[in-house]
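The report below describes one protein chain for a reader who works with computed models. It moves from the chain as a whole to its sheets and helices, and then to a few single residues.

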Amino acid sequence: MAYAIARLKKLKQKDIGSSASHTSRERETPNADLSVENIRFIGSSDPESRLEDLVMAKINEAPQHRKIRTDGVYCVEMLLSASPSYFRPSCPNKAGYYEQNKLDIWLEATQQWLSEEYGSRIVRAELHLDEATPHIHAYFVPVDDRGQLRCNHFFNGRQKIQAFQDSYYETMRLIGLERGLKGSRAKHEDIKDFYRIVETGRNLEVSELNLEQIKAKAADRDRAARQLQQMEATARELAQANELLQQRLAQLEKEKEKYRQQTQQLRDLALEDVAWELGLDEEPSQSNRWVGHGHIIDINGDKFQSASPGVEKGNGAIDLVIQVNNYNLRQGLAWLNDRFGLQGAERAAIAAVKKQTADILQTEPAPKFVPPVEDKSKWLGVHDYLIHLWGLPSNFVHGFHQSGLIYADKQQNAVFVMRDLNHQVKGAYLEGSKLKGLAIGSDRSKSWFHFQLGERGTTKVEKAVLCSSTIDAFSYAMLEYSKTGSIPKQRTLYIALVDPKTTPVERLEHIPQIKTSFNSDEFGEATALAVKKLLPQARRSRPKTLSWNQDLLLSQSPQQQQQRKSEADLSL
């Protein structure tokens with residue numbers, strides 16, 4: 001069982017520099033691996049940037065109406081982490097190791113929690129990877145909404161400390177973490193038991209661990225032996241790196257030769273060589289003219305022209321063989337195989353197909369997508385299906401039907417129209433009791449089911465919500481509507497994005513707010529991470545259950561749920 005860890009320590013003005021020198025590794029940390037780089041993701045990465053200055057700048061943003069006490073709390077250091085069994089479930093005792101996917105999910109969730117709970121009051125935050133278990137040190141300046149420095153307003157007493165931990169747990173449980181033991185007698189504002197915390201994930205009595213003793217023992221280790229081990233490890237790494245480099249060079253040479261052969265194989269046979277094998281002779285008095293068997297052939301690169309009356313020009317080796325020897329295609333290929341071998345015959349065939357393909361593409365337009373034929377008589381059945389099975393509001397479904405984004409086909413499937421972001425129809429998604437999938441001819445990489453909501457008069461999209469399916473996109477929008485009772489003030493774009501490979505990055509990268517609202521399963525988490533790499537401003541938004549549609553159904557009153565079930569039974 002893996003636990004979420006959230007601890008804090010109140011810092012007076014004189015304590016800030018000492019804490020910062022430890023977390024930024026300005027002083028020796030015996031249990032830290034110096035070869036591993038930590039990541040500062042909030043606050044300036046400039047080595048000259050002092051935490052004390054950041055804290056005072058935040059305090060001075062608003063004038064203090066009362067004098068700050070000399071023993072006042074200027075800053076709160078937060079420690080956020082999880083049990084080793086979360087980061088490395090297969091080997092929790094392997095200090096310093098973590099699964100990258102687990103780290104990415106936890107880091108994104110923690111960053112989002114810090115931003116939503118504390119905003120700009122967090123003046124610095126660092127991800128530490130150089131110790132046994134990944135963890136974050138975040139520095140919070142306790143300035144209230146009136147600009148007053150009041151730590152007690154945020155963290156006064158056991159109840160507020162537990163509320164702080166509960167808040168972090170509410171986010172962490174969405175990624176599979178448990179809460180630490182509640183009600184521990186340990187002083188929650190004390191962070192000195194840090195090293196045991198990151199190994200267990202439970203609240204401990206401070207008396208269980210004497211951190212100063214551990215630090216003293218670590219500092220007394222045989223430094224010479226450690227340096228020797230580091231030198232030996234470095235030598236081994238260099239030897240391994242050199243061996244890998246040699247292997248890579250050999251691999252590149254093989255790839256180079258492979259590409260050379262492939263390039264050669266894509267080229268047609270030299271027409272001069274084919275003419276010679278056909279028994280033609282080059283005319284001494286005129287370059288590139290070949291004669292014999294009653295033929296006069298002028299060769300120009302990969303094309304040839306017969307000087308004989310009534311004979312058209314040709315392209316490539318196969319055409320030349322067919323024309324001179326009066327063969328059909330099968331006979332021409334067999335002759336090339338006999339004279340130039342299988343590879344030569346294949347080269348000639350590939351070149352001929354490429355030429356034919358180029359000719360076709362120049363004259364044949366690409367087929368356009370033809371949407372499924374609408375059957376208005378089937379709409380009532382589709383309307384009831386969406387309402388009874390998926391719990392979508394009737395007026396909502398009717399509105400999108402009126403706009404042409406949903407209709408019924410002859411098989412009584414719901415047809416969700418897929419468009420590119422210029423609103424050109426290029427596909428459709430079919431959703432029915434017996435069928436789910438794309439309509440034939442749909443362009444899944446350049447079109448999506450999407451719609452926009454927002455107050456009248458707003459045209460610029462300020463927010464985008466990416467969901468796992470068409471039904472989830474509707475469900476998310478309905479849940480937002482139910483919270484406020486009105487459509488969003490911001491112009492919001494809702495998109496059903498089934499595969500991160502189809503993310504329209506160029507159209508989304510300029511939108512300031514993006515929610516990756518995919519399902520709370522392994523595929524949804526992987527999709528969210530993939531989109532995050534493409535759109536760094538994206539923030540994860542997880543449903544409480546597996547999907548937003550399940551959340552929508554659970555949000556309905558018992559009477560609504562019973563009515564929906566009864567109507568669904570009747571429709572069957």
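Accessible areas come from the Shrake-Rupley method with a 1.4 Å probe, and for residues only the protein chains shown count as cover. On that basis the chain exposes about 32600 Å², of which carbon and sulfur atoms supply 51%. This is a predicted model, in which local features need pLDDT of at least 70 and side-chain atom pairs count only at pLDDT 80 or more, while totals for chains, interfaces and linings use all residues. Residues are numbered from 1 along each chain as its sequence is written, and side-chain values use heavy atoms, with hydrogens and water left out.

The chain has 19 helices and 20 strands, where helices (H or I, at least four residues) and strands (E, at least two) are DSSP runs numbered from the N terminus. Of the 572 residues in the chain, 42% are buried; buried means under 20% relative accessible area, exposed means over 50%, and partly exposed lies in between (1.4 Å probe, protein chains only). Among contacts with a separation of 6 or more, 66% link residues 24 or more positions apart, a contact being heavy atoms within 4.5 Å.

**Sheet and packed helices**

Strands of a sheet pair through backbone hydrogen bonds, either parallel or antiparallel. Here two strands count as paired if DSSP finds at least two bridges between them. An open sheet of four strands follows the order β12-β13-β14-β15, with antiparallel pairing. Because β12 (406–408) and β15 (436–438) stand at the edges with a single partner strand each, one side of each is left without a neighbour in the sheet. From one strand to the next the twist averages 25 degrees, with axes taken as lines fitted to C-alpha atoms (for helices over the stretch in contact) and angles running from 0 to 180 degrees between N-to-C directions. Strand β14 (residues 425–431) is joined to the antiparallel β15 by three bridges, and Leu430 has Gly437 in β15 as its bridge partner.

Helix α13 (residues 379–390) packs on this sheet, touching β12, β13 (414–419), β14 and β15, and its direction makes about 120 degrees with that of β12. Helix α15 (residues 470–484) lies across β12, β13 and β14, and runs at about 85 degrees to β13.

**Parallel strands around β19**

Strand β19 (residues 513–517) is mostly covered, with four of its five residues buried. Strand β17 (residues 463–467) pairs with β19 in the parallel sense over five bridges, and Cys467 stands opposite Ser517 in β19. Three bridges also join β19 to strand β20 (residues 538–540), again in parallel, where Lys515 stands opposite Arg539 in β20.

**Loop residues with positive phi**

Asn288 is found in the loop between β7 (281–282) and β8 (289–292), and Asn326 lies in the loop between α11 (316–325) and α12 (329–363). Neither Asn288 nor Asn326 is a glycine, although both have a positive phi.

| Residue | Phi | Relative accessible area |
|---|---|---|
| Asn288 | about 65 degrees | 33%, partly exposed |
| Asn326 | about 60 degrees | 67%, exposed |

**A residue in helix α9**

Leu252 lies in helix α9 (residues 223–266), and at 37% relative accessibility this leucine counts as partly exposed.
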